[in-house]
Amino acid sequence: MKKTRGKLLLLAMATQLTAWGTAYAAGPTFMHTGSRTTQPVGHYEFCQKIPQECNQRTPKRAPIELTRKLWAKIVSINNSINSKIAPRTDMELSGKEEIWSYPNSGFGDCEDYALEKRRALMNIGVPAGDLLMTVARQPNGDGHAVLTVRTSLGEFILDNLETRVLSWTATEYTYLKRQSSQNSGAWVTINDGRSDAVASVR
């Protein structure tokens, strides 16, 4: 079983690496962000526990250059974390709703996957301002959290519900709000042009 899973993971990675050329050809696409908005409760409490995670300041600058090498690392990290973390709700793990934390136990829900991917990408040198925790609505109306990666070729979504790393425009989510690219403790609204949904997630 482990061998089969490993082969499938390698196949998924190979497919994603070929997608780099598509990203390059398509041209950059970026979310339209607006004014400062409320910070999700779970992220606020996460910041209280680990203040250094939320006081990162990034000067206004161009997003990180998306090279073939960086794309390979993004794909690898996304696949690795999706495969090694088992999904569990906050209620199942701690008896409470909306607890944002690193999935150090090997279990977590959507925001925990995203936090772990953010940490892994920061560890290889991607600036905090290009790794943005993002809140969205799924087509069924449920809230969801993903990681948005800002690059010179546009913004891409790392998602525990999707094996591929997709451009944000290729997903079915309605994006509501995300961390500011200049201040990891601040959040800004998103208008993705596809919905008038109000950014009011927990």
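Here is a short walk through this predicted model, from its sheet to its cores and its cavity.

Let's start with the sheet. Seven strands make up an open sheet, and reading across it gives the order E1-E9-E8-E4-E5-E6-E7, with antiparallel pairing. Strand E1 (33-37) and strand E7 (166-167) sit at the edges with a single partner strand each, so one side of each has no neighbour in the sheet. At the E1 edge, three bridges link E1 to strand E9 (residues 187-190), and the two run antiparallel. If you want a residue pair to look for, Thr-33 has Ile-190 as its bridge partner in E9.

Now to the nonpolar side chains. In soluble globular proteins, these tend to be buried together. Here the largest nonpolar core has 31 residues, and Ile-74, Leu-121 and Leu-147 have the most contacts inside it. Two or more residues each come from helices H2 (41-49), H3 (68-84) and H5 (110-123), and from strands E4 (131-137), E5 (143-151) and E6 (154-158). H3 gives the most, with six residues. Leu-121 is a handy place to centre your view: beyond its neighbours within four places in sequence, Leu-121 is in contact with Ile-74, Ile-77, Val-126, Leu-131, Leu-147, Val-149 and Leu-158. Another core, of eight residues, lies apart from this one and includes Met-31, Ile-157, Trp-168 and Ile-190.

Finally, what about empty space? The count comes to one cavity of 30 Å³ or more, and the largest cavity holds about 40 Å³ of space. Among its 13 lining residues, Ala-128, Gly-129, Ser-180, Asn-183 and Ser-184 are the closest to its centre. By class, the lining has three nonpolar, nine polar and one charged residues.

How values were computed:
Residues numbered from 1 in each chain as written. Predicted model: local features only at pLDDT ≥ 70, side-chain atom pairs only at ≥ 80, totals over all residues. Heavy atoms only, no water. Core = buried A, V, L, I, M, F, W, Y, C linked by side-chain atoms within 4.5 Å. Buried < 20%, exposed > 50% of the residue type's maximum accessible area, 1.4 Å probe, protein only. Helix = DSSP H or I, 4+ residues; strand = E, 2+ residues; numbered from the N terminus. Contact = heavy atoms within 4.5 Å. 1 Å grid on protein atoms, 1.4 Å probe; cavity = no way out; pocket = protein on both sides within 12 Å on 5 of 7 lines; lining within 4 Å. Points joined across faces, edges and corners; volume = space filled by probe spheres on them. Nonpolar A, V, L, I, M, F, W, Y, C, P; charged D, E, K, R; others polar. Pairing = 2+ DSSP bridges.
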